[in-house]
Amino acid sequence: LNLLYKSENPSILADYYTKNFRMESDFLKLVENCHDKVNLYETFMGKGILSGDESRFVGTYCGKLSPNSKIEESFNESDFILQIGSCVNEVNYGFYTANIPKEKLVEMNQDYISIQGEVYTNVSMMQLLPVLSKRINSNNLKMAKNYPKDLNLIREAELISKNSKKNLLPLSENDFHDFLQNFIAKDDILIIETCSFMFSTHDF
């Protein structure tokens, strides 16, 4: 908590094992108790834990595979990152382009807690997160930099521009991807089988 309180531009990163180990309610309680002072991101495999309607939700962070460079840039400006439910693999980490400096990072999952690179295997997310969500005091938090809610719309504008220049060519997987970007609405459910198309769904 002291690291979080000292931070000038803190962020929380929601990751896969938060939901896999049924810690969503404690996670969302932590977010609620931050009282809109901390920026919120999700990983590719952590999608669905946070609502896009959260006032401080910025977007999906996957290193160089983030939906657009502005999301990656805003995340990299964080001076403290609390990653909850961390799941390290090539897809979730943008083929390992998500290089988060250890000195900025507190990471928790079902196996360990890592504080600025110091790993503790005698405590886990399941033990620490419920305590953290109750003890955090938003009065001690500094207000993180506020990013515009339309960062995700940059990708949408790029698609519109690209589609306007397309020739009449046979439909491709890329066309289907672009179509879904504009077709999917709030609260829709998208079910993806394991296939090459899966790797593009971090854009949605």
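The exercises below, each with a worked solution, concern the predicted model shown above.

Residues are numbered from 1 along each chain as its sequence is written, and side-chain values use heavy atoms, with hydrogens and water left out. Local features need a pLDDT of at least 70 and side-chain atom pairs count only at pLDDT 80 or more, whereas totals for chains, interfaces and linings use all residues.

**Exercise 1. State how many helices and strands the protein has, and which elements have the lowest and the highest mean pLDDT.**

Step 1. Counting helices (DSSP runs of H or I, at least four residues) and strands (runs of E, at least two), numbered from the N terminus, one arrives at seven helices and seven strands. Their order from the N terminus is α-β-α-α-β-β-α-β-β-β-β-α-α-α.

Step 2. For pLDDT, the predictor's confidence in each residue on a scale from 0 to 100, the protein averages 86, and 82% of the residues score at least 70. Among the elements, helix H6 (residues 153–164) has the lowest mean, 51, and strand E4 the highest, 98.

**Exercise 2. Describe which strands pair with E4 and how its residues are placed.**

Step 1. Two strands pair if DSSP finds at least two bridges between them. Strand E1 (residues 10–14) pairs with E4 in the parallel sense over five bridges, and E4 also pairs with E5 in the parallel sense, over four bridges.

Step 2. At the level of single residues, Ile84 of E4 is the bridge partner of Ala14, while Gln83 stands opposite Glu107 in E5.

Step 3. In a regular strand the side chains alternate between the two faces of the sheet. In E4, Phe80, Leu82 and Ile84 point one way and Ile81 and Gln83 the other. Five of the five residues of E4 are buried, a term that means under 20% relative accessible area, with exposed meaning over 50% and partly exposed in between (1.4 Å probe, protein chains only).

**Exercise 3. Determine where the buried residues of helix H5 lie around the axis, and what covers them.**

Step 1. In H5 (residues 125–135), the residues Met125, Leu129, Pro130, Leu132 and Ser133 are buried. They cover an arc of only 165 degrees around the axis, so they lie on the same side of H5; the arc is that of the directions from the helix axis to the C-beta atoms.

Step 2. The face turned away from this buried side carries the exposed residues Lys134 and Arg135.

Step 3. The cover of the buried residues, judged by contact (heavy atoms within 4.5 Å), includes helices H2 (17–20) and H3 (24–33) together with strands E4, E5 and E6 (113–115).

**Exercise 4. Decide whether Glu42 and Asn99 are buried or exposed, and describe their surroundings.**

Step 1. Glu42, which lies in strand E2 (residues 39–42), has a relative accessible area of 6% and is therefore buried.

Step 2. The side chains of Glu42 and Thr60 are joined by a polar contact of 2.7 Å, that is, a pair of N or O atoms within 3.5 Å, where within protein one must be able to donate a hydrogen and the other to accept it, and residues adjacent in sequence count only if both atoms are side-chain atoms. Leaving aside residues up to four places away in sequence, Glu42 touches several others, including Leu13, Lys47, Phe57 and Tyr61.

Step 3. Asn99 lies in the loop between E4 (80–84) and E5 (105–108); its relative accessible area is 59%, so Asn99 is exposed.
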